[in-house]
Amino acid sequence: MYTSQLRIAALAERFPQRAFTSLAHHIDAQWLKTATLMTRRDGAVGIDGQTADDFVRNFEANIQRLLEAAKSGCYRAPPVRRVHIPKGDGRATRPIGIPTFEDKVLQRAVVALLEPLYEHDFLGCSYGFRPGRSAHQAIKTVWDSLSSMGGGWVIDLDIQAFFDTIDHQHLRALLQQRVKDGVILRLIGKWLKAGVLEAGQWQKGEIGSPQGGVISPLLANVYLHYVLDEWFENEVKPRLRGRASSVRFADDVVLAFSNEADARKVLEVLPKRFARFGLTLHPTKTRLVRFRPHREQRAETFDFLGFTHYWGKSRRGRWIIKQKTAKDRFKRGLKRISLWCRANRHLPLRDQHRQLCRKVTGHYAYYGITNNMEALQRFLHMVRGIWIKWLRRRSQKAGFSWDKAAQLLSILPLPRARIVHRLSFQRT
């Protein structure tokens with residue numbers, strides 16, 4: 001697979017304007033076997049209930065059957081099983097589509113085929129679901145851009161129900177600018193039309209690409225690459241008076257400007273641009289933020305990828321951009337810890353401690369960035385309190401005093417707060 005991916009990447013670089021008509025021949029039995037190894041084995045099952053173990057039990061036959069069905073056009077994409085997970089506010093939910101395991105394998109194979117092609121096309125401002133790129137790199141880019149400008153005007157852009165409103169006709173037209181292989185386009189079309197199964201009811205897939213599908217992040221990146229990234233870089237920026245930058249992680253976007261008039265002009269045309277491709281900006285969440293330090297009035301803030309970006313003073317008294325855990329993410333993390341402690345409070349203490357340590361360490365792994373130590377310490381303090389709270393409710397007969405709680409935390413301490421990601425390298 002790797003050799004073929006290198007060949008595709010080299011051709012994409014050599015012919016940046018060419019639409020490739022022959023790609024599917026790279027997908028063979030070995031390609032599908034590698035795709036199987038790249039697919040999570042512990043993921044939720046689709047509508048057929050097939051697990052990874054079920055698929056590999058008759059591995060060779062299943063691979064050959066899947067390959068023949070995909071190449072001949074006989075493959076029928078099953079509907080995805082829809083579940084709902086809570087959003088950050090704890091009230092609303094986000095629909096997630098769960099494909100069958102063999103559908104995940106085939107989607108992974110197509111992603112591995114198209115990824116090296118589009119990696120050449122995608123711009124540096126795009127960070128979501130791309131190899132070698134991460135959310136922390138996107139946050140660092142926002143920090144670098146606004147710091148170099150000394151602040152500015154930020155468009156906090158929110159696309160309303162993006163994955164649910166992707167227009168299939170526009171998506172096919174955008175894909176065909178680089179891909180005209182009939183086998184690949186036919187498979188993608190089947191996944192888009194497969195629909196969803198929820199509470200026993202099938203809903204036809206007329207628009208959108210279900211979140212949770214293996215191929216959905218790549219399709220989303222292709223869509224927004226043409227709709228936003230290329231347009232902003234090639235058509236918008238040359239017409240601006242001041243400096244501007246764009247950072248996108250999937251459908252989370254921050255546009256920064258040094259000039260207020262530029263920002264307001266772009267904010268005015270953005271709804272029209274997105275409407276051309278069937279997308280709508282959220283009327284209240286999309287906003288223009290005056291992001292500059294001010295001595296007399298408190299500067300506005302904005303949230304991006306789970307962090308609130310704000311101005312604060314450095315150790316030397318200079319204004320610098322800082323990040324802290326966003327309120328909704330902070331509450332969401334504590335709520336999950338509380339639900340887990342409640343459900344598992346009767347487990348042995350050392351088992352609870354081991355699991356809590358993993359959860360707290362995982363929180364630090366993402367939110368442990370420069371200048372966020374206060375929020376990390378507060379999170380740790382709240383987790384300790386939640387754990388003790390549910391331990392005290394294990395039994396009405398056996399008491400669990402605060403002295404006993406303090407003794408427990410000294411014997412089984414939770415990991416100390418620590419900074420994992422250094423986003424600023426200047427001495428402040």
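**Group meeting: how domain 1 meets domain 2**

Okay, so let's start with how this protein is carved up: there are three pieces, with domain 1 covering 3-121 + 168-206, domain 2 covering 125-166 + 207-293 + 316-321, and domain 3 covering 327-411. Before I go on, keep in mind that what you're looking at is a predicted model.

First, the overall picture. If you go through the secondary structure, you get 15 helices and 11 strands. The radius of gyration is 24 Å, and the globule rule gives 22 Å for 428 residues; those two are close, so the protein is as compact as a globular protein of that length. As for its dimensions, the C-alpha trace spans about 70 × 60 × 40 Å along the principal axes.

Now for the bit I really want to talk about, domain 1 and domain 2. Their centres, taken over C-alpha atoms, sit 27 Å apart. How many residues of each are in contact? On the domain 1 side there are 29, and they touch 22 residues of domain 2. Between them the two domains bury about 2,300 Å², and 67% of that is on carbon and sulfur atoms.

What about charges and polar groups? There's one salt bridge between domain 1 and domain 2. If you want to find a salt bridge on screen, go to R130 and E119, where the closest N and O atoms are 3.0 Å apart. The two domains also have seven residue pairs in polar contact, counting pairs with both residues at pLDDT 80 or more.

So which elements make up the domain 1 side? Strand 2 (93-98), helix 5 (101-121), helix 8 (168-175) and helix 9 (182-193) each put in at least two residues. Helix 5 gives the largest share of that side, with 10 residues. Sort that whole side of domain 1 by class and you get 15 nonpolar, six polar and eight charged residues.

Let me zoom back out for the last part. Searching the whole structure turns up 14 salt bridges. Here's one to click on: E102 pairs with R65, and again the closest N and O atoms are 3.0 Å apart. What does that pair link? It joins distant parts of the chain, with E102 in helix 5 and R65 in helix 4 (residues 59-72), 37 residues apart.

If you take one thing back to your desk, let it be helix 5: that helix supplies 10 residues to the side of domain 1 that touches domain 2, and it also holds E102, the partner of R65 in helix 4. Okay, that's me done!

Methods. Residues numbered from 1 in each chain as written. Predicted model: local features only at pLDDT ≥ 70, side-chain atom pairs only at ≥ 80, totals over all residues. Heavy atoms only, no water. Domains from an automatic or database assignment. Contact = heavy atoms within 4.5 Å. Buried area = accessible area lost by both parts, 1.4 Å probe. Salt bridge = Lys/Arg side-chain N within 4 Å of Asp/Glu carboxyl O. Polar contact = N/O pair within 3.5 Å; in protein donor to acceptor, adjacent residues only side chain to side chain. Helix = DSSP H or I, 4+ residues; strand = E, 2+ residues; numbered from the N terminus. Nonpolar A, V, L, I, M, F, W, Y, C, P; charged D, E, K, R; others polar. Rg over C-alpha atoms; globule rule 2.2 N^0.38 Å.
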